[in-house]
Amino acid sequence: MDSHRLAPRLLASWQRSRHYGLSPEEMRPVFTGSVDTASLFYECGHEVLRGLRDTLADEAVSMMIADSDGLVLYRECDDASISRSLDRVHLAPGFSFAERDVGTNGLGLALADRAPSLVRADEHYCTGLRGYTCAAAPVLDPGTGALVGSVNLTTWSDSSSELSLALTQAAAGNTAALMLARGTGRRVPPAPRGEVFRVYADRYHQHGHAHQTLSPGWTDAVATARTASARGRVVAAVGEPGAGKAALVSTARRQNGARERLLSARPPAPGDVAAWLALWAPELGKDSTCVVVSGVDRLPAWAATELARLFDEARRVTGEGSGRLPPFAVTAQRFSAIPDVLRPLVDTVVEVPALRFRPDDILPLARHFARRHRGPTVTFTPAAARALTSYDWPENVRQLRRVVREAASRTDVIDTRHLPAEVFTGSSGQLTRLQLLERDEIVRCLTEPGTTVAQAAAKLGMGRATVYRKMARYGIRVPGRRRDAGP
């Protein structure tokens, strides 16, 4: 097929396929030999496809799920001829069909662009796949919004594809809904709206914690970013979600005394990325403005390519032939997750340690957030302080800020009873809504001032042994809570 006749998304995918060094005449899917069948995504996706099988019982179509790396986890098909054909091209469990392995295909494109994708016949990059039409849709974790995999329907290239994409989108939605029902019972978070905001001095003090003396883990990371920024290097701050990556970059630049605007740009849902780029792209190329692009690992592949083009264009304008890049930085969870087209722009990688590795920072940050939210009169009781420092904060600083703000909204003296149940629980597996309600009520009774386990058991209408058993089941830990005497 003449690549000039391809739609823009498909053309961009073909260009990436060439960049990966792939040959249209040769397929080289990676074989791992094993797949993860224990995940919630696999369990729910498998069940959805088994149900869809009855709907498509008489159709020559193969249904499959793949993880976020493009590894095929499961395939469901009643048509022996298409199954044998797919085996010959290795579109089977254990093989990776990511774009970088086999070029443009429905499964790989849906993961790369994080959007429903349909690739017909000769729109495939590799000739070995041009006998098929592939429709795929991404599946997002209902709790975090992270990409967990895709649902793919593959049929013969001469078959009707009108319903394939709609069916894959429905199957992907049903998989996410089933994951939610079998998960923790949390509401599905709204799709990311994307943000572009100016970081003013007061916002810097809020997010960069300028008035706090924090641990060496944080200050050393800031120092590394500060040195790199002072030398005009492009910094990539990497680390867990909520650890404070953008805050670290802005703190480092402010400590250098840079007299510039700091713009923080956080990507929205894939469908809104074009408008988001257009909103702040004109700021590139201005020496007086530094743009911090957060979460570049969540960008669709086409958007990462466009971002690299914008930076290259800004470099030509600002550098006047020197090749110097305009002031900017990026953040991601891992350096390896930064899109290929953006990775060469990075000069210095700074790892931002998770909050659980910085326990000495918890109370200073908690006091800081409380003061910012309500004023200097807010204090913490010793029991509340022990609870905060004993928790491992899986969502990092973002979670600590939310918890403290909610507690400070209720009182000037924060005690354990003002903290949410999550602070007193460890990892206890997936809980139903009913189990969550029970866990939270047990924590509420245990954190009432002066209440023993026996007294909490009486209020709950349970035996003391039952309360202890449920505390173990839910991983409930209340610092300072003494055990009752007796058996």
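This report covers the overall make-up, one strand, one helix, the aromatic contacts and two single residues of a predicted model.

The model is predicted, so local features need pLDDT of at least 70 and side-chain atom pairs count only at pLDDT 80 or more, while totals for chains, interfaces and linings use all residues. Residues are numbered from 1 along each chain as its sequence is written, and side-chain values use heavy atoms, with hydrogens and water left out.

## Overall make-up

The protein has 17 helices and 15 strands. Helices (H or I, at least four residues) and strands (E, at least two) are DSSP runs, numbered from the N terminus. Of the 487 residues, 52% count as buried. Buried means under 20% relative accessible area, exposed means over 50%, and partly exposed lies in between (1.4 Å probe, protein chains only). Contact means heavy atoms within 4.5 Å. Among the contacts with a separation of 6 or more, 69% come from residues 24 or more positions apart.

## Strand E2

Strand E2 spans residues 61-67. All 7 of its 7 residues are buried, so E2 is largely enclosed by the rest of the structure. In a regular strand, side chains alternate between the two faces of the sheet. Both faces of E2 are covered. Val61, Met63, Ile65 and Asp67 are buried on one side. Ser62, Met64 and Ala66 are buried on the other.

E2 has two pairing partners described here, E7 and E3. Two strands pair if DSSP finds at least two bridges between them. With E7 (residues 147-156), E2 pairs in the antiparallel sense over 7 bridges. Valine 61 stands opposite threonine 155 in E7. With E3 (residues 72-76), E2 also runs antiparallel, joined by 4 bridges. Here alanine 66 has valine 72 as its bridge partner. The E2-E3 hairpin has 4 residues between the strands, and its glycine 70 takes a positive phi near 90 degrees.

## Helix H8

Helix H8 covers residues 216-230. The expected span of a helix is 1.5 Å times one less than its number of residues. For the 15 residues of H8 that gives 21 Å, and the end C-alpha atoms are 20 Å apart, which agrees.

Which residues of H8 are buried? They are Trp218, Ala221, Val222, Ala225, Ala228 and Ser229. These cover an arc of only 130 degrees around the axis, which puts them on the same side of H8. The arc is that of the directions from the helix axis to the C-beta atoms. Pro216 and Ala230, on the other side, are exposed. The buried residues of H8 pack against strand E9 (235-238), helix H9 (245-255) and strand E13 (348-351). Glycine 232 follows H8, with a positive phi near 80 degrees.

## Aromatic pairs and a charge over a ring

The structure holds 7 aromatic pairs. Rings of Phe, Tyr and Trp (its six-membered ring) pair if their centres lie within 6.5 Å; planes under 30 degrees apart count as stacked, over 60 as edge-to-face and the rest as tilted. Two of the pairs are tabulated.

| Pair | Centre to centre | Angle between planes | Class |
|---|---|---|---|
| Tryptophan 14 and tyrosine 125 | 5.4 Å | 85 degrees | edge-to-face |
| Phenylalanine 31 and phenylalanine 95 | 4.7 Å | 40 degrees | tilted |

Tryptophan 14 lies in helix H1 (residues 8-19), and tyrosine 125 in the loop between strand E5 (117-119) and strand E6 (132-140). The two are 111 residues apart, so the pair links distant parts of the chain. Both tryptophan 14 and tyrosine 125 are buried.

Phenylalanine 31 is in strand E1 (residues 30-31) and phenylalanine 95 in strand E4 (residues 95-96). That pair therefore ties together parts 64 residues apart in sequence. Phenylalanine 95 counts as buried, at 17% relative accessibility.

Another ring has a charge over it: the charged end of arginine 343 sits 5.9 Å from the ring centre of phenylalanine 335. The criterion is NZ of Lys or CZ of Arg within 6 Å of the ring centre and within 35 degrees of the ring normal.

## Two single residues

Alanine 135 belongs to strand E6. Alanine 135 is buried, with a relative accessible area of 0%. Its C-alpha atom is 5.7 Å from that of serine 117, 18 residues away along the chain. Not counting residues up to four places away in sequence, alanine 135 touches eight-residue company that includes Ser117, Val151 and Leu165.

Lysine 470 is in helix H17 (residues 464-474). Lysine 470 counts as partly exposed, at 22% relative accessibility. Beyond four places in sequence, lysine 470 touches Glu438, Ile442 and Met462. Lysine 470 and glutamate 438 are 32 residues apart in sequence and 9.2 Å apart in space, C-alpha to C-alpha.
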